[in-house]
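Colleague: Could you take me through this structure, please?
Modeller: Certainly; here it is.

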Amino acid sequence: VEEGTLLFAAGQTIAHATVAVSSGAAVGGSGTLATLTLAEGAGLVVSHRNRRPLTVDGPVTIPESGTLVLNIPDGVDPSAFYGYFLKATSYEGVENLKNWTVVVSGRSGDVPELVISETEEGLCFGTRPGFGMIIR
């Protein structure tokens, strides 16, 4: 992907090729890829309508910096918007996620700070965990 955004719909599969995403370009959706390589400055795009993550049946190479763009329209509470956006057999460079920028597009006004994390189910995003205390 040299420029723009390539979205894979559920059921779409690229089974035998590496999808390489250049700086400034992005990939997203809920289809299935064989492998995914993200260049420095590349991005991933997630819609609030995604019900399944983008699935990679091989490794994903994560660069030191990139952008996760969340398309969340007004009327959808971004602080309640938590989800898995990428599931792969392995991740190279997952420690780099702390350097990635999370951008919420399609909204006006303030949005909460969102973070990317790795779980057993895949890569997910959500609000930054806060501090809570119960005093009895």
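**Strands and the loop at Ser 30**

Modeller: The chain contains 0 helices and 11 strands, where helices (H or I, at least four residues) and strands (E, at least two) are DSSP runs numbered from the N terminus. This is a predicted model, in which local features need pLDDT of at least 70 and side-chain atom pairs count only at pLDDT 80 or more, while totals for chains, interfaces and linings use all residues. Residues are numbered from 1 along each chain as its sequence is written, and side-chain values use heavy atoms, with hydrogens and water left out.

Colleague: Where is the place of Ser 30?
Modeller: Ser 30 lies in the loop between β3 (26–29) and β4 (32–38).

Colleague: Is Ser 30 buried or exposed?
Modeller: Ser 30 is buried, its relative accessible area being 15%. Buried means under 20% relative accessible area, exposed over 50%, and partly exposed in between, with a 1.4 Å probe and protein chains only.

Colleague: Which residues does Ser 30 touch, not counting those up to four places away in sequence?
Modeller: With that exclusion, Ser 30 touches Phe 8, Ala 9, Ala 10, Arg 52, Pro 53 and Leu 54. A contact means heavy atoms within 4.5 Å.

Colleague: Turning to β3, which of its residues are buried on each side?
Modeller: Ala 26 and Gly 28 are buried on one side of β3, and Val 27 and Gly 29 are buried on the other, so both faces are covered.

Colleague: And what joins β3 to strand β1?
Modeller: Strand β1 (residues 5–8) runs parallel to β3, and 4 bridges join them; two strands pair if DSSP finds at least two bridges between them. Thr 5 has Ala 26 in β3 as its bridge partner. Strand β5 (residues 43–47) is also parallel to β3, joined by 3 bridges, and Leu 44 in β5 stands opposite Val 27.

Colleague: Why is β4 largely enclosed?
Modeller: Of the 7 residues of β4, 6 are buried, so β4 is largely enclosed by the rest of the structure.

Colleague: Which residues stand opposite Leu 33 of β4?
Modeller: Ile 14 stands opposite Leu 33, as does Val 56 in β6. Strand β2 (residues 13–21) runs parallel to β4 with 6 bridges, and β4 pairs with strand β6 (residues 54–61) in the parallel sense over 4 bridges.

Colleague: Finally, how many residues has the chain, and what share is buried?
Modeller: The chain has 136 residues, of which 39% count as buried.
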